[in-house]
Amino acid sequence: MTEKLVLVTGACGEIGQALIQALARRGGYQIVTSDLAPLPDSIKAMSTEHVQGDLVYKVKNFYDYGFDVIFHLAASLSSKAEVASEEAHRINVEGTMQLLMLAAYRSEKYQKSVRFLFPSSIAAYGMPGLDVKKTAGAVKEDVYNMPQTMYGCNKLYCEKLGMYYSKFFGQKHLDEEPPCMLDFRSIRFPGLISAFTLPSSGTSDYGPEMLHAAAQGKPYTCFVREDAKISFMAMPDAIKSLLMLLDVPREKLNHQVYNITAFALTAGEFRDRALKAFPGAQINFQPNPRRQGIVDSWPEDVDDSLARTEWNWKPDYDADAFFDDYFLPEIRKRYGR
Ligand code: AKB
């Protein structure tokens with residue numbers, strides 16, 4: 001069987017590392033990687049070639065490759081993007097656009113479908129106020145699309161760019177066959193928590209940071225209020241969702257952007273769970289107005305019924321399973337506590 005050629009950008013990030021390990025376990029893929037940083041040892045042997053540097057300038061390196069699949073994970077996350085907004089726009093928007101153009105060009109020129117998997121985010125939402133956030137419940141994909149962060153604007157716009165390049169690029173598919181076959185698919189992820197890696201420069205980071213600190217017996221000062229609530233997911237579920245969406249035949253999909261969620265907890269509930277698992281954990285709350293504002297603009301939960309209906313999405317880990325079956329066993333092994 002010939003291997004599928006896959007490009008993973010942002011390979012050194014949390015999703016990147018976990019995804020590359022999962023692709024390698026699955027087999028049948030030749031994996032090309034790219035990132036600003038050199039590959040960590042944990043995934044080095046799984047990549048046949050690593051292109052290191054800024055994607056915007058490196059994308060020309062990829063025009064000779066016949067990629068079947070592109071996972072475009074490279075991004076500047078929400079907290080960093082607020083303070084380095086021009087850089088974030090370049091990485092998040094220009095990088096994505098360059099790669100979409102490459103995928104559209106290749107699929108059109110060689111009449112070969114390229115599946116383009118793009119992680120969007122709950123940051124694509126912008127709740128107009130805390131009162132609305134608290135009463136809106138689990139929101140569907142097409143409501144409250146008024147992001148209040150640079151990162152959220154970038155993600156929402158790139159969802160639209162992906163749809164544009166796959167459906168309307170050059171406008172000719174409307175009455176001309178065969179169509180351009182760039183096959184853009186996007187998942188709006190909640191906050192993700194891995195037992196093996198720690199995030200940096202995002203805003204949902206308080207969840208994983210608090211749990212990793214408690215597990216190591218380190219004090220933690222949480223940068224949002226106790227009642228701050230958004231949805232979260234175990235990293236293995238995030239990887240499962242990407243691989244599930246990768247596998248679905250195009251004709252089964254009626255949309256290009258899907259919410260997924262696993263459990264919504266307040267920061268106070270995270271603290272309570274951390275204290276139960278690690279009695280004596282020192283966790284206090286000192287909200288940072290800027291980061292609190294970002295979390296306040298994200299919905300408390302999202303409605304993932306589209307993904308459940310169209311591609312049978314279902315997380316393996318609800319809040320209890322996340323702690324009992326994934327995070328705590330793994331983290332105890334990791335930190336020996
Ligand atoms: C962030 O906090 O920026 C990300 C996200 C929710 O997309 N983790």
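Begin the tour of this predicted model by selecting helix α6, residues 130-136, which gives the most to the lining of the second largest cavity, with three residues. To see the rest of that lining, add to the selection Leu130, Lys133, Lys134, Arg225, Asp227, Ala228, Lys229, Asp296 and Glu300. The space they enclose comes to about 30 Å³, and the count of cavities of 30 Å³ or more in this structure is two. If you colour the lining of the second largest cavity by class, you will find two nonpolar residues, no polar ones and seven charged ones.

**The three-stranded sheet**

From Lys229, one of the residues lining that cavity, move along strand β10, which covers residues 229-234. This strand stands in the middle of an open sheet of three strands, ordered β8-β10-β12, in which the pairing is mixed. At the edges are β8 and β12, the latter made of residues 263-266, and each of them pairs on one side only. From one strand to the next, the twist in this sheet averages 45 degrees. Helix α9, residues 235-247, packs on the sheet and touches β8 and β10, with a direction that makes about 75 degrees with that of β10. Now display β10 and β12 together: they pair in the antiparallel sense over four bridges, and within this pairing isoleucine 230 has leucine 265 of β12 as its bridge partner.

**The seven-stranded sheet**

Next, select the other open sheet, in which seven strands follow the order β3-β2-β1-β4-β5-β7-β11 with parallel pairing. Strands β3 (49-52) and β11 (257-259) stand at the edges, each with a single partner strand, so one side of each is left without a neighbour in the sheet. On average, and with direction ignored, neighbouring strands here are turned by 20 degrees against each other.

Stay at the β3 edge and show strand β2, residues 29-35, which runs parallel to β3 and is joined to it by four bridges. Picking serine 34 leads you to its bridge partner in β3, valine 51. Helix α1, residues 14-26, packs on this sheet, where it touches β1 (4-9), β2 and β4 (69-72), and its direction makes about 165 degrees with that of β2.

**A salt bridge beside β3**

Which two side chains meet in a salt bridge with an N to O distance of 2.2 Å? Select arginine 90 and aspartate 54, whose side chains form that contact. Arginine 90 lies in helix α5 and aspartate 54 in the loop between β3 and α3, so the pair ties together parts that are 36 residues apart in sequence. A search of the whole structure finds 19 salt bridges.

**The largest pocket**

Helix α5 also leads to the next stop, since this helix supplies the largest share of the lining of the largest pocket, namely four residues. To centre the view, select Gly13, Leu73, Ala75, Ser76 and Leu77, which lie nearest the centre of this pocket among its 45 lining residues. The elements that give two or more residues to this lining include α1 and β2, together with α3 (55-58), α4 (78-83), α5 (85-110) and β5 (114-121). The space in the largest pocket is about 1,000 Å³. Coloured by class, its lining shows 20 nonpolar, 17 polar and eight charged residues.

**The second largest pocket**

Finish with the second largest pocket, which has a volume of about 320 Å³. Its lining is made by 18 residues, and those closest to its centre are Glu141, His255, Gln256, Val257 and Leu306. Helices α7 and α12 (305-311) each supply at least two residues of this lining, and the largest share, four residues, comes from α7. With α7 (150-168) still selected, you can turn back to the largest pocket, because α7 is also among the elements that give two or more residues to that lining. How does the lining of the second largest pocket divide by class? There are four nonpolar, five polar and nine charged residues in it.

Methods: Residues are numbered from 1 along each chain as its sequence is written. This is a predicted model: local features need pLDDT of at least 70, side-chain atom pairs count only at pLDDT 80 or more; totals for chains, interfaces and linings use all residues. Side-chain values use heavy atoms; hydrogens and water are left out. Two strands pair if DSSP finds at least two bridges between them. Axes are lines fitted to C-alpha atoms, for helices over the stretch in contact, and angles run from 0 to 180 degrees between N-to-C directions. Contact means heavy atoms within 4.5 Å. On a 1 Å grid over the protein atoms alone, a cavity is a set of points where a 1.4 Å probe fits but cannot get out, and a pocket is an open set with protein on both sides within 12 Å along at least five of seven lines; lining residues have an atom within 4 Å of a point. Grid points are joined across faces, edges and corners, and a volume is the space filled by probe spheres set on the points. Ala, Val, Leu, Ile, Met, Phe, Trp, Tyr, Cys and Pro count as nonpolar, Asp, Glu, Lys and Arg as charged, and the others, Gly among them, as polar. A salt bridge is a side-chain nitrogen of Lys or Arg within 4 Å of a carboxyl oxygen of Asp or Glu.
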